[in-house]
Amino acid sequence: MTTKMFGEAISRREDPRLLRGDGRYLDDLGHDAYAAAFVRSPHAHARVNEIDVSGALDVDGLVAIYTYDDLPGRLGDPLPLLIPHPSLTAPRTGHALAAEVVRHVGEPVAMVVATDRYVAEDAAEKIIVTYDPLPAVVGVAAAASGDEVVHDDMDDNVAANFVQEVGDVDGALADAPHRLDLRWEIERSASMPLEGRGVYARWDADDGRLRVYTSTQTSTSVRAVIAAVFDIADVHVEVIAPDVGGGFGVKIMHPWPEELLVPWAAMTLGREVKWTEDRREHFVASAHERGQIHDVTVGYDDDGRILALDVRFLHDNGAYTPYGLIVPIITSTQLPGPYKLPNYRVEFTSLYTNTVIVTPYRGAGRPQAVFSMERTVDAIAGDLGLDRTDVRAVNFVQPDEFPHDLGLIFQDGRPAIYDSGDFPESLRKLKALVDWEGFDERRQQAESEGRRIGIGLACYVEGTGVGPYEGAHVHVETSGRVMVSTGLTTQGQGHETAFAQIVATELGVPIEQVHVTTGDTRRFGYAVGTFASRAAVMSGNAIALAARAVNEKARVVAARALEANPEDLEIADGIVRVKGSPDDRIPLNQVAVLSNPLRYSFSEAAQAATQFSMPSDPEDPPVREGEEPGLESKAYYSPPRSTFANGMHAVVVEIDPDSAQVRVLDYAVVHDCGNMINPRIVEGQIHGGVAQGIGGALYERMAYDEHGQLLNASFMDFLMPYASEVPQVRTDHLETPSPLNPLGIKGAGEAGVIPGAAAIASAIEDATGLQITRMPLSPDELFRLQRSDGNARLAPVGALGTSVDDEPDDEQGGAP
């Protein structure tokens with residue numbers, strides 16, 4: 001097999017093992033461990049008066065019950081604020097177990113440990129907690145009013161207020177020939193990985209070592225917080241992410257209460273302890289995202305060129321802010337998309353509510369931003385009677401204008417500067433892929449058959465490859481096996497394949513010899529984590545740098561054996577050879593032997609590295625200055641700032657005239673993530689993201705009542721798209737390499753989901769003539785919208801010049 005693997009669409013190497021059922025997920029471990037279960041609050045807001053555990057004490061198999069009063073030292077402190085920000089003026093975090101007040105349904109109040117999970121659940125049911133209910137604050141409107149507060153030490157519910165501005169927005173709006181005032185809303189949703197969260201811990205009291213397995217997106221950070229809370233040396237804490245059945249952002253949040261409580265119980269009891277999240281717990285005790293309301297004022301000229309954009313939005317951060325302001329910051333800085341905005345102001349207010357915390361979910365603030373921006377561009381096109389693609393084209397950043405500085409500070413604390421792209425070419429490709437110009441004929445044919453169809457599109461730019469760093473270690477063993485490790489974790493992205501392709505290419509070895517380990521602090525102790533479409537950019541480049549260093553060292557060592565110049569050597573198919581003289585060669589595994597001078601030999605191959613076998617200059621030490629034994633290297637990659645991928649989606653929908661059911665007929669994607677390591681993996685990421693985008697547009701919402709009770713906390717009621725709801729996705733790619741990293745790559749993990757709601761809303765609007773201002777949109781809501789606004793049904797497509805403030809909220813395309 002060729003060793004030039006970068007860019008090849010090979011099959012994923014990890015899939016056969018997983019498809020055979022040979023994966024090792026969290027719940028596959030620790031079969032003999034004690035099991036933990038939790039008593040969780042049934043109230044959205046209440047004071048905890050009394051916890052009566054007496055009824056559970058006689059349960060056979062009960063081991064221990066813990067409440068807040070049992071938590072020692074730092075374990076009883078508020079959980080960490082992971083990402084502080086100057087504008088987060090009122091940060092609040094919860095406790096591992098509720099101290100005095102619970103602030104959302106599902107907050108943990110007591111922990112039960114028993115011989116198995118069934119016994120633990122039985123005991124938990126017998127614990128009686130007496131609460132004094134308090135008024136619940138649900139939804140951003142209630143939070144913004146401040147009539148009731150989530151945290152009684154605050155006068156309102158404002159966690160943060162943040163403004164960024166470029167240019168003179170007020171002046172440009174005053175001078176603009178045209179102006180619209182609009183409101184857009186995205187409701188709450190949440191990720192639903194196949195595997196929920198889980199923790200398994202075991203404590204070795206003799207060695208003072210703690211090993212924790214956790215279904216996480218950041219094993220090294222979990223290790224750091226466990227070591228800090230329990231005052232254990234970092235090297236005595238091992239955290240391992242086994243096979244992880246999906247993450248989508250919810251598992252980048254850490255430490256979850258269980259990630260501290262389970263290890264503490266293991267140390268306290270001297271026994272292995274495990275907890276795995278059930279599906280209801282995932283709904284009410286993990287994290288949600290998406291909920292925002294945007295008020296937009298836009299000024300533009302006769303060609304649709306945006307002269308000024310003023311955006312104010314409310315962000316629901318739930319009961320606490322452990323992950324800081326990352327989601328609304330991403331929304332505010334990704335909202336400009338591929339467009340030049342000479343005058344742009346964005347202000348957000350992040351609000352506490354008595355609901356589950358909000359942390360990043362695949363897309364992480366970008367779907368809201370794209371919905372707001374792309375719906376605004378469609379509104380401009382409708383107001384001027386222009387083609388929606390023409391309005392986009394006139395506003396694009398042009399290819400010769402890169403790097404393009406937005407004048408904003410991104411989520412990494414660094415300037416948001418687009419590094420590469422060709423937006424006009426992406427639009428050209430998209431229009432060809434979906435046959436934009438020929439759609440009128442297709443529409444007429446459908447109408448002749450009594451069918452109503454529409455077409456929509458949406459564009460986006462995605463900040464990827466967020467720092468600060470990632471590292472990698474590459475080691476060639478004397479067997480020829482190449483061991484690769486990196487600290488970030490894997491949740492199904494194909495890292496084992498993509499990272500092996502990089503090593504095979506950079507080191508010149510068959511990919512079958514490359515073995516990749518991720519997310520194991522025993523193998524690599526310093527890392528940041530898997531989020532923000534950063535794995536390929538960050539660890540990929542670190543792995544490439546480490547492999548290049550090993551390649552260089554191998555040629556130096558081989559040059560001594562071959563009596564050649566290292567510059568005259570090359571490595572291919574695991575053989576170091578002289579260029580142009582293929583008979584002068586040495587296998588890479590033998591080079592690995594020679595790289596480690598030995599005193600003792602344990603095999604025939606190793607004899608070549610002993611002191612009486614290796615020819616050398618007697619004046620040179622066996623390990624020369626600046627060198628180290630072994631054919632291995634460690635490297636780190638730290639970028640100056642984020643890379644920015646981009647793409648465009650187009651969708652064709654059909655609306656049933658009687659039921660208002662929305663069916664997605666066609667979906668087309670053009671994507672630019674720079675140089676692609678493996679196009680097949682990129683395609684898979686896009687297809688999966690599109691499915692989630694369709695879910696977010698038409699099905700998935702978290703429905704809270706006014707008391708803070710989640711009404712659809714099961715798969716009986718929380719709708720997700722089946723394969724039957726996701727059409728075949730057609731894709732095309734543009735590769736504009738990033739100048740910011742050695743491999744020229746940009747991230748691809750979230751691309752598929754980001755513009756889904758905006759594109760589908762645009763298509764529904766095109767089919768019906770109704771202004772779609774809120775997502776997700778159910779058939780019932782679309783049906784009521786059609787009946788309540790018959791005149792809008794007959795309006796020209798996109799003729800949306802009125803402010804949504806003029807229409808009652810219950811007549812918008814969204815939840816009642």
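1. Which helix gives the largest share of the lining of the second largest cavity? That would be H16, residues 679-698, with three residues in the lining. Keep in mind while reading that this is a predicted model.

2. Staying with that second largest cavity, its volume comes out at about 140 Å³. There are 15 lining residues, and the ones nearest the centre are Ile186, Arg290, Pro367, Gly696 and Ala757. Sorted by class, the lining has eight nonpolar, four polar and three charged residues. If you set up a view of this cavity, those five central residues are a handy selection.

3. Now the wider cavity picture. Searching the whole structure turns up five cavities of 30 Å³ or more. The largest has a volume of about 220 Å³, and 19 residues line it. Leu79, His104, Pro257, Tyr320 and Ile357 sit nearest its centre. Its lining is made up of 10 nonpolar, six polar and three charged residues.

4. Where does the lining of the largest cavity come from, in terms of domains? Domain 1 (33-134 + 192-285) and domain 2 (289-466 + 640-801) each supply at least three residues. Those two domains also touch: 33 residues of domain 1 are in contact with 31 residues of domain 2. Their centres, taken over C-alpha atoms, are 36 Å apart.

5. On the domain assignment itself: besides domain 1 and domain 2, it gives a domain 3, covering 468-637. Domain 1 and domain 2 are each written as two segments, 33-134 + 192-285 and 289-466 + 640-801, while domain 3 is a single range.

6. Next, a sheet to look at. Four strands form an open sheet in the order S21-S20-S19-S25, and the pairing is mixed. Strands S21 (514-518) and S25 (631-637) are the edges, each pairing on one side only. Ignoring direction, neighbouring strands here are turned by 15 degrees against each other on average.

7. Two helices pack on this sheet. H13 (residues 495-507) touches S19 (470-476), S20 and S21, and its direction makes about 135 degrees with that of S21. H14 (residues 535-562) touches S19, S20 and S25, with its direction at about 145 degrees to that of S25. So which strands do we find in the list for H14? S19, S20 and S25, as just given.

8. How many bridges join S20 to S21? Five, and the two strands run parallel, with S20 spanning residues 482-486. For a concrete pair to click on, Val482 has Val514 in S21 as its bridge partner.

9. A few backbone oddities deserve a look. As a rule, most residues other than glycine have a negative phi, and most peptide bonds are trans. Phe248 is not a glycine, yet its phi is positive, about 60 degrees. Phe248 lies in the loop between S11 and H6.

10. That loop also holds Pro255, placed between strand S11 (237-240) and helix H6 (257-269). The peptide bond joining His254 and Pro255 is cis, with omega about -10 degrees.

11. There is another cis peptide bond, between Gly467 and Pro468, where omega is about 10 degrees. Pro468 is in the loop between strand S18 (452-464) and S19.

How values were computed:
Residues numbered from 1 in each chain as written. Predicted model: local features only at pLDDT ≥ 70, side-chain atom pairs only at ≥ 80, totals over all residues. Heavy atoms only, no water. Pairing = 2+ DSSP bridges. Axes fitted to C-alpha atoms, helices over the stretch in contact; angles between N-to-C directions. Contact = heavy atoms within 4.5 Å. 1 Å grid on protein atoms, 1.4 Å probe; cavity = no way out; pocket = protein on both sides within 12 Å on 5 of 7 lines; lining within 4 Å. Points joined across faces, edges and corners; volume = space filled by probe spheres on them. Nonpolar A, V, L, I, M, F, W, Y, C, P; charged D, E, K, R; others polar. Domains from an automatic or database assignment.
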